[in-house]
Amino acid sequence: MNDQKMKIEKYYVVFHGKKTGIYRSWIECAHMIIGVKGSRFESFESESDAKDALYKYQRKEVEAENDIKEVYANIIFAFVLGFMIGVKRCKNY
C-alpha cells in the first residue's frame with residue numbers, strides 16, 4: 001500500500017463573502033472570506049452536495065428578497081390609499 005495519504009477532494013461553498021460560489025481549494029475559499037465580517041462557508045466532499053447547498057441558499061435569498069419586495073409594495077399601497085382618502089376628504093370640506 002502507498003505510504004502517502006490519499007488526498008480527499010473537498011468543495012467549499014462560500015455563502016457570504018467577497019464572492020458567493022463553489023471553490024475547489026481552501027486557499028481559494030479563504031481569499032473569499034478573510035476580512036469579510038460575518039462570512040459563512042461550508043465544505044463538502046462531493047461537487048453535487050456543494051451545488052445542492054448553494055442552490056438551496058440562493059433560493060432562500062431570492063425568497064427573502066421577494067418577501068421584502070412584497071412588504072414594500074404593501075407599504076406603498078397603504079400610503080397611496082391613505083393619501084387618496086385624505087385628498088377625497090379634503091374635497092368634501
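**Cores, surface patch and contacts of H16**

Leaving aside its neighbours within four places in sequence, A53 is in contact with F15 and F44. These residues belong to the largest nonpolar core of the chain, which is described here from a predicted model. The core has eight residues: Y11, V13, F15, F44, A50, A53, L54 and Y57. Two elements, strand β1 (11-16) and helix α2 (47-92), each give two or more residues to this core. The largest share comes from α2, which supplies four residues. Apart from this core lies another, made up of five residues, including Y12, V14, Y23 and I33. In soluble globular proteins, nonpolar side chains tend to be buried together.

The chain as a whole contains two helices and three strands. Along the sequence, these elements follow the pattern β-β-α-β-α. Of the 93 residues, 17% count as buried. Among contacts with a separation of 6 or more, 46% are accounted for by residues 24 or more positions apart. The exposed area of the chain is about 8,200 Å², and 58% of that area is supplied by carbon and sulfur atoms.

Nonpolar residues are also found on the surface. A nonpolar patch there is formed by I68, V71, Y72, I75, I76, F79, V80 and M84. Together, the residues of this patch have about 840 Å² of accessible area. One of them, I68, is found in helix α2. The relative accessible area of I68 is 47%, so I68 counts as partly exposed, a class that runs from 20% to 50%.

Strand β1, one of the elements that contribute to the largest core, also holds H16. With a relative accessibility of 36%, H16 is likewise partly exposed, because this value is neither under 20% nor over 50%. When residues up to four places away in sequence are not counted, H16 touches I33, V36, K37, G38, S39 and R40. One of these residues, I33, is also a member of the five-residue core. In sequence, H16 and S39 are 23 residues apart, while their C-alpha atoms are 4.9 Å apart in space. In addition, the side chain of H16 reaches the backbone oxygen of K37 at 3.4 Å.

Technical notes: Residues are numbered from 1 along each chain as its sequence is written. This is a predicted model: local features need pLDDT of at least 70, side-chain atom pairs count only at pLDDT 80 or more; totals for chains, interfaces and linings use all residues. Side-chain values use heavy atoms; hydrogens and water are left out. A nonpolar core is a set of buried Ala, Val, Leu, Ile, Met, Phe, Trp, Tyr and Cys residues joined through side-chain atoms within 4.5 Å. Buried means under 20% relative accessible area, exposed over 50%, partly exposed in between (1.4 Å probe, protein chains only). Contact means heavy atoms within 4.5 Å. Accessible areas come from the Shrake-Rupley method with a 1.4 Å probe; for residues, only the protein chains shown count as cover. Patches are made of residues with over 30% relative accessible area and no salt bridge: like charges are joined within 9 Å, nonpolar side chains (Val, Leu, Ile, Met, Phe, Trp, Tyr) within 5 Å. A salt bridge is a side-chain nitrogen of Lys or Arg within 4 Å of a carboxyl oxygen of Asp or Glu. A polar contact is a pair of N or O atoms within 3.5 Å; within protein, one must be able to donate a hydrogen and the other to accept it, and residues adjacent in sequence count only if both atoms are side-chain atoms.
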